[in-house]
Amino acid sequence: MSGQFYDVIVVGAGPAGSYIAYELASLGHDVAVFEEKGASGLNVCCTGIISTECFHSLGLDTDVILTEVNSAKFFSPSGKCLRFQTENVQAYVVNRLLLDKALASKAQSQGAEYFFSSPIIDIIPGKDSIQVETLCSGAREIFSARAVVLANGFRPKLPRKLGLGKIKSFLVGAQAEIEVKNVDEFEVYFSQEIAPGAFAWLVPTSTNKAYVGLLATAQAKLHLQNFLNNLFCQGRVISREVEIEQKAIPIGNLARSYGDRVVVIGDAAGQVKPTTGGGIYFGHLGARIAAEVLDEALGSDNLAAGQLSRYQKHWKIKMGKELSRGYWARWAYAKLSDHQIEGVFNILNSGGMAEALLNSSNFSFDWHSRLILAVLRHSSAYPLLKIKHLLFRETSL
């Protein structure tokens with residue numbers, strides 16, 4: 001197979017990679033997708049919660065949906081609960097295996113060619129093309145293309161080798177699928193003891209099954225096991241002997257998400273919500289923008305970095321400010337003690353503030369910064385004052 005030439009080679013068959021493959025193939029470009037796993041969607045550490053907007057934008061069928069989300073319970077360090085509910089469905093919990101397979105199938109239906117069990121070893125830019133070295137069925141193969149899209153998740157090696165920089169900060173996510181009792185709503189737990197610097201979750205996927213997981217600055221697997229032990233002692237989990245998966249989640253962007261004949265999308269570029277660690281929606285937005293820029297660049301046969309820099313310019317306009325605010329909000333939250341987090345819950349629970357924010361125009365499942373700013377601007381109480389001070393000191397809002 002060595003020597004095959006494509007318009008675009010996509011590295012990674014996750015949601016962002018398969019979506020851009022679909023878009024480019026639909027526009028008539030010759031596309032190949034290389035994935036190191038044996039199939040799409042295998043061994044994915046992801047809860048699969050996406051907004052209704054994201055679901056419809058991806059063009060998915062309803063058979064990928066596990067459950068609908070229109071309510072949630074938020075727990076403070078002491079166990080105080082704030083429950084929110086909306087009339088309309090805000091999000092879906094999707095089966096990631098089926099979602100990834102569905103997006104790959106859409107790309108293949110437009111002519112994109114998939115190579116599974118094919119990890120990328122190296123990428124070598126050239127004047128007239130770019131080469132990709134891979135292991136196909138254990139044999140080294142060289143493929144060439146006019147351009148390459150890196151959509152292979154948070155893997156620093158290739159972007160760094162291509163001179164695009166390195167994302168230095170990250171959280172670690174840990175998750176397991178468990179059997180549960182009496183879990184019928186999305187639950188979120190805030191405590192520096194349970195999940196240092198972030199939060200934990202319990203997400204029902206069927207009558208007696210759920211995803212349990214957390215984000216943490218370190219030792220996520222250990223913290224999750226402790227959280228599971230607590231749930232087991234409460235009688236909410238049938239067994240605590242489960243298989244825990246882990247994943248590094250970038251907090252920050254690449255210095256450059258483009259180069260000569262190269263663009264980087266999704267987790268690989270840092271297109272991840274800093275507040276929740278969710279990457280499907282922002283990765284999807286990045287893929288759409290990259291497809292538009294690449295289509296124009298391929299049509300004009302100008303794939304130099306200067307031309308492809310338009311991709312970074314456009315995605316930064318779309319979500320750069322949201323990401324920046326999210327980084328500082330997450331950083332400020334990580335500075336709070338459990339006592340201070342308890343104070344935040346007390347403030348939100350007073351005077352109908354939480355309900356008012358939920359029903360305001362600032363509420364969005366995907367865009368969190370407006371809601372964060374609304375909370376900060378309308379409160380002078382400590383510890384929200386501390387978050388406001390940290391946030392406004394570090395970034396202009």
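Helix α5 (helices being DSSP runs of H or I of at least four residues, and strands runs of E of at least two, both numbered from the N terminus) comprises 14 residues, 220–233. From its first C-alpha to its last, α5 reaches 20 Å, close to the 20 Å expected at 1.5 Å a residue, where the expected span is 1.5 Å times one less than the number of residues. The model is predicted: local features need pLDDT of at least 70 and side-chain atom pairs pLDDT 80 or more, whereas totals for chains, interfaces and linings use all residues. Residues are numbered from 1 along each chain as its sequence is written, and side-chain values use heavy atoms, without hydrogens and water.

Buried residues (under 20% relative accessible area, 1.4 Å probe, protein chains only) of α5 are A220, H223, L224, F227, L228 and L231. Seen down the helix axis, these fall within an arc of 140°, taken over the directions from the axis to the C-beta atoms, and so line one face of α5. They pack against β12 (170–179), β13 (186–189), β14 (200–204), β15 (209–216) and β16 (245–250), with contact meaning heavy atoms within 4.5 Å. Just after α5, G235 has a positive phi of about 80°.

Elsewhere, three strands form an open sheet in the order β3-β7-β4, with antiparallel pairing; pairing requires at least two DSSP bridges between two strands. The edge strands, each paired on one side only, are β3 (49–51) and β4 (65–69). Three bridges join β3 to β7 (residues 91–94) in the antiparallel sense, and I49 stands opposite V93 of β7.

Conventions:
Buried means under 20% relative accessible area, exposed over 50%, partly exposed in between (1.4 Å probe, protein chains only).
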